[in-house]
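Biologist: I'd like to go through this structure with you and ask how you justify the words you use. Can we take a look?

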Amino acid sequence: MNSPTTTLNPLSMERALSDADIATLTDRIEAAQTQARAIPKLTEDFPGMTLGDGYAVQLALLRRWLAEGQRQVGWKAGLTSKAKMDQMGVRVPTVGFLLANFFRPENSVIQTSDLVHPRVECEVAFVTKADLSGPDLTREQVLAATDFVVPAVEVIDSRFSGFKFDLPSVVADNSSSARYVTGGRARLPADVDLSTLGVVIEKNGEAVAMGSSAAVAGHPADAVALVVKVLHEIGQHLPAGSFVMSGGITEAIAVAPGDCVSARFQALGSVSMRFA
Ligand code: 0L1
Ligand code: MG
C-alpha cells in the first residue's frame, strides 16, 4: 500500500468529480475486475478524487451489476486492523458490497486466473435477522440483530498494480472484494465469545498467520456497527438477512496456484479451499 498523499477525513463524502468522470472510472474498475487486469491507481489520472468519489464509483458498479441480474448478499468491512488503518490514515473501515457470485463453497477449487494477485484473510461473518441502520449502533444492538455467526475466508484482490493504492482508489475497487468462502460451524452469537476468538491460517499445512478477533476494531460486532455507520454515510443500510464480513483478523496471505489454505477458528471450526 502507498502512504496517503492527502489527508482525508474518512467520513467526508464530498464529491469532486463529475458524473461523467465517475462513469469513466466505473468502466475502468469493471474492466479490471472482469478481465483480471492490473491498472494504475485511479488518482494517477484523477488526482482530485475524494473518498466520496470512490464510493460513487463503487455504488455505480453495484447498480450496474444488479441491473444485469446479479444478487447482493451483503457487505464487508475493509481495512479493519489498526496496522492497515494507520497505513492508510483512516480511523473508520471502508465497506465493499458482496454479491452471490463472489461466493465459493467450502473445499472449492478457486481459479487464480480470474484474479490479479489474490490474498486470503480469515474473518468472522455475521448473518442478520433485523434491519440495522444509523451512525451510532452499539455492539449489543448488533449482537441482538445477529441470527448467527459463521467462519469465513475472504479472498481479496486489489486490481491496482503492485497492490499500490490510496483510499479513494481502493474504495472504488470495492475494497478489494473478490471471493469469499464459508464453512465450519454456524453459532449463535450468545454461545461464543467473539471478543477473543483465536484463528490460525495454514497454507500447505504450515501455520502462516495467527491472531485474535479482538484485532478487528476491538470486537467483530463493533466492526459491523462501523460498517453500518459508513453505509449510513453513503445512503445505505443493512437489511435483515444480510451477510456481513467483519474484517480480516490476521494479515492477508498471498496465494498462488497449487496452494491449499485452511483457516482454523476457535469454536467455529475450519474453512478450507484450494487454488488452481
Ligand atoms: O478486506 C480488506 O480488508 C481489504 C481492504 C482493501 C485493502 C487491501 O486490499 O488490502
Ligand atoms: Mg477482508
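Modeller: Sure. Let's start with what "near" means: a residue is near a molecule if one of its heavy atoms lies within 4 Å of it. Keep in mind that this is a predicted model. There are 13 residues around ligand 1, and Lys76, Leu79, Glu121, Glu154 and Ser176 come nearest.

Biologist: What makes the pair between serine 176 and ligand 1 a polar contact?

Modeller: A polar contact needs a pair of N or O atoms within 3.5 Å. An N or O atom in the side chain of serine 176 is 2.6 Å from an oxygen atom of ligand 1, so the pair qualifies. Glutamate 121 also has a polar side-chain atom 2.8 Å from a ligand 1 oxygen. With leucine 79, a backbone N or O atom does the job, 3.0 Å from an oxygen of ligand 1.

Biologist: How much of ligand 1 does the protein cover?

Modeller: On its own, ligand 1 has 300 Å² of accessible area, and the protein covers 98% of that.

Biologist: Which strand gives the most to the shell around ligand 1?

Modeller: That's E1, with 3 residues. Strand E1 (72-78) and strand E6 (146-156) each supply at least two. By type, the shell divides into 6 nonpolar, 3 polar and 4 charged residues.

Biologist: How do you know that glutamate 202 makes a polar contact with arginine 264?

Modeller: Their side chains come to 3.0 Å, and the cut-off is 3.5 Å, so the distance fits. Glutamate 202 sits in strand E8 (residues 198-203). Beyond its neighbours within four places in sequence, glutamate 202 touches residues including Ala207, Cys260 and Arg264.

Biologist: What angle do helices H1 and H2 pack at?

Modeller: About 65°, with the axes of H1 (residues 19-35) and H2 (residues 51-67) 9 Å apart. Among the residues making the contact are Ile22 and Leu25 of H1, and Val57 and Trp65 of H2. The contact residues divide into 9 nonpolar, 3 polar and 4 charged.

Biologist: Why is the crossing of H1 and H2 called right-handed?

Modeller: Because the near helix is turned clockwise from the far one by less than a right angle, H1 passes H2 in a right-handed crossing.

Key: Residues numbered from 1 in each chain as written. Chains lettered and ligands numbered in written order. Predicted model: local features only at pLDDT ≥ 70, side-chain atom pairs only at ≥ 80, totals over all residues. Heavy atoms only, no water. Axes fitted to C-alpha atoms, helices over the stretch in contact; angles between N-to-C directions. Helix = DSSP H or I, 4+ residues; strand = E, 2+ residues; numbered from the N terminus. Contact = heavy atoms within 4.5 Å. Nonpolar A, V, L, I, M, F, W, Y, C, P; charged D, E, K, R; others polar. Polar contact = N/O pair within 3.5 Å; in protein donor to acceptor, adjacent residues only side chain to side chain. Areas by Shrake-Rupley, 256 points an atom, 1.4 Å probe, with all protein chains shown as cover.
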